[in-house]
Amino acid sequence: MRTDGTEKPKFWSSEVQKSSQWPKIKVLAGMLPSRVSRGESISLPSPAFRGCRLMVISMVMVSIGVYARLMKHAAALACLAVDPAILLIVVGVLMFLLTFCGCIGSLRENICLLQTFSLCLTIVFLLQLAAGVLGFIFSDKARGKVSEFINNAIVHYRDDLDLQNLIDFGQKEFSCCGGISYKDWSLNMYFNCSDDNPSRERCSVPYSCCLPTPSQAVINTMCGQGMQAVDYLEASKVIYTNGCIDKLVNWIHSNLFLLGGVALGLAIPQLAGILLSQILVNRIKDQIKLQLYNQQHRADPWY
């Protein structure tokens with residue numbers, strides 16, 4: 001008999017307790033209190049620590065971009081679209097926000113941050129996939145956009161030191177000059193071949209267009225003097241005459257496997273981050289449901 005005078009149900013009889021099913025009942029009951037109710041965290045491999053390192057890297061990128069931007073001359077504002085410092089700041093800020101959601105969400109087991117991280121990572125992955133597919137399908141339009149970008153960079157060549165160094169590096173690396181040909185440098189006001197151009201660099205090209213001379217100890221920055229005024233065959237003896245667009249297209253065609261490997265290397269961590277974050281969110285939800293179930297049945301006399 002129970003203390004309140006009611007009869008003890010058959011479930012609590014000695015026969016049931018002695019039966020072979022009773023240990024299983026105790027085991028199942030012992031499994032119900034969740035780890036969340038005991039104050040323990042859910043153990044799951046997550047990109048938390050790697051995300052913290054990426055947060056530090058993103059902050060360094062933003063710091064370098066801000067420093068480079070503040071140290072520039074005011075005339076550099078004329079070409080924000082191709083400014084490496086602005087690009088560095090934007091990428092750093094986006095990387096910081098994304099890794100913040102993933103890192104803090106994993107450490108604190110915050111469903112909202114984890115879902116935000118998963119959603120943003122999915123959007124980034126889909127944008128990259130769409131850009132690759134559209135670039136392949138509309139290759140002619142992509143080529144036109146690249147040509148427009150290079151021509152705009154040529155116009156602002158002397159306005160931005162970072163852009164100038166970037167163009168010089170590209171022309172040396174790909175052994176090219178200008179966008180379509182070396183005469184594209186006439187778009188720049190300093191290299192323009194018009195008769196009313198008072199610049200000493202009139203009808204010239206940058207030194208990065210010049211053919212390398214192994215025996216030359218000091219770089220001759222005036223090696224491209226007057227090259228736009230001569231014909232193609234004569235200019236090809238001194239400078240690169242082919243444009244950088246064709247060189248870039250040829251490089252892409254000859255390195256498709258390398259580019260595919262880079263794309264796969266970028267896609268796998270993103271997909272892994274999306275998958276792990278969703279697994280962690282589902283486990284947290286399951287633990288919350290189990291905790292609520294325990295709380296509802298804690299005062300149940302038949303539990």
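A salt bridge is a side-chain nitrogen of Lys or Arg within 4 Å of a carboxyl oxygen of Asp or Glu. The side chains of D246 and R143 meet this criterion, with an N to O distance of 2.4 Å. The model in which this contact is found is a predicted one. Because D246 belongs to helix α9 and R143 to helix α6, the pair ties together parts of the chain that lie 103 residues apart in sequence. Each partner is partly exposed: D246 has a relative accessibility of 35%, and R143 has a relative accessibility of 35%.

The structure holds 3 salt bridges. Another of them joins the side chains of R158 and E201, again at 2.4 Å from N to O. R158 is located in the loop between α6 and α7, and E201 in the loop between α7 and α8 (232-235), so this bridge ties together parts 43 residues apart in sequence. R158 is partly exposed, at a relative accessible area of 31%, whereas E201, at 19% relative accessibility, counts as buried. The assignment of E201 follows because buried means under 20% relative accessible area. A further salt bridge is formed by the side chains of R202 and D195, with 3.2 Å between N and O. Here R202 is partly exposed, at 30% relative accessibility, while D195 counts as exposed, at 75%.

With regard to the overall architecture, the protein contains 10 helices and 0 strands. Along the sequence, its elements accordingly read α-α-α-α-α-α-α-α-α-α. Of the 303 residues in the protein, 29% are buried. The exposed surface amounts to about 19700 Å², and carbon and sulfur atoms supply 67% of that area. Among contacts between residues at least 6 apart in sequence, 65% join residues at least 24 apart.

The interior was examined next. The largest nonpolar core comprises 20 residues, of which C177, W185, V205 and I239 touch the most other members. Helices α6 (139-155) and α7 (161-174) each supply at least two residues of this core. The greatest contribution is that of α6, which gives 3 residues. When residues up to four places away in sequence are not counted, C177 touches Q171, Y182, W185, V205, C209, Y240, N242, G243 and C244. Two of the residues named above for their core contacts, W185 and V205, thus recur among the neighbours of C177. Apart from the largest core lies another core, of 6 residues, including C101, L113, L121 and I274.

Helix α6 also contains F149. With a relative accessible area of 45%, F149 is partly exposed. The C-alpha atom of F149 is separated by 9.2 Å from that of G179, a residue 30 positions away along the chain.

Aromatic side chains form 5 pairs across the whole structure. In one of them, the rings of F96 and F100 have their centres 6.2 Å apart and their planes at 25°, so the pair is stacked; planes under 30 degrees apart count as stacked. F96 and F100 are 4 residues apart in helix α4 (residues 84-108) and are therefore separated by about one helical turn. Both rings belong to partly exposed residues, with relative accessible areas of 26% for F96 and 34% for F100. An edge-to-face pair is formed by F174 and W251, with 6.2 Å from centre to centre and 90° between the planes. This pair links distant parts of the chain, since F174 lies in helix α7 and W251 in helix α9 (residues 244-254), 77 residues apart. F174 is partly exposed, with a relative accessible area of 25%, and W251 is likewise partly exposed, at 34%. In addition, Y157, W185 and F191 form one aromatic cluster. Its member W185 is also among the residues that touch the most other members of the largest nonpolar core.

On the surface, L126, L129, V133, L134, F136, I137 and F138 make a nonpolar patch of about 720 Å². Within this group, L126 is found in helix α5 (residues 111-137). L126 is partly exposed, with a relative accessible area of 47%.

Conventions. Residues are numbered from 1 along each chain as its sequence is written. This is a predicted model: local features need pLDDT of at least 70, side-chain atom pairs count only at pLDDT 80 or more; totals for chains, interfaces and linings use all residues. Side-chain values use heavy atoms; hydrogens and water are left out. Buried means under 20% relative accessible area, exposed over 50%, partly exposed in between (1.4 Å probe, protein chains only). Contact means heavy atoms within 4.5 Å. Accessible areas come from the Shrake-Rupley method with a 1.4 Å probe; for residues, only the protein chains shown count as cover. A nonpolar core is a set of buried Ala, Val, Leu, Ile, Met, Phe, Trp, Tyr and Cys residues joined through side-chain atoms within 4.5 Å. Patches are made of residues with over 30% relative accessible area and no salt bridge: like charges are joined within 9 Å, nonpolar side chains (Val, Leu, Ile, Met, Phe, Trp, Tyr) within 5 Å. Rings of Phe, Tyr and Trp (its six-membered ring) pair if their centres lie within 6.5 Å; planes under 30 degrees apart count as stacked, over 60 as edge-to-face and the rest as tilted.
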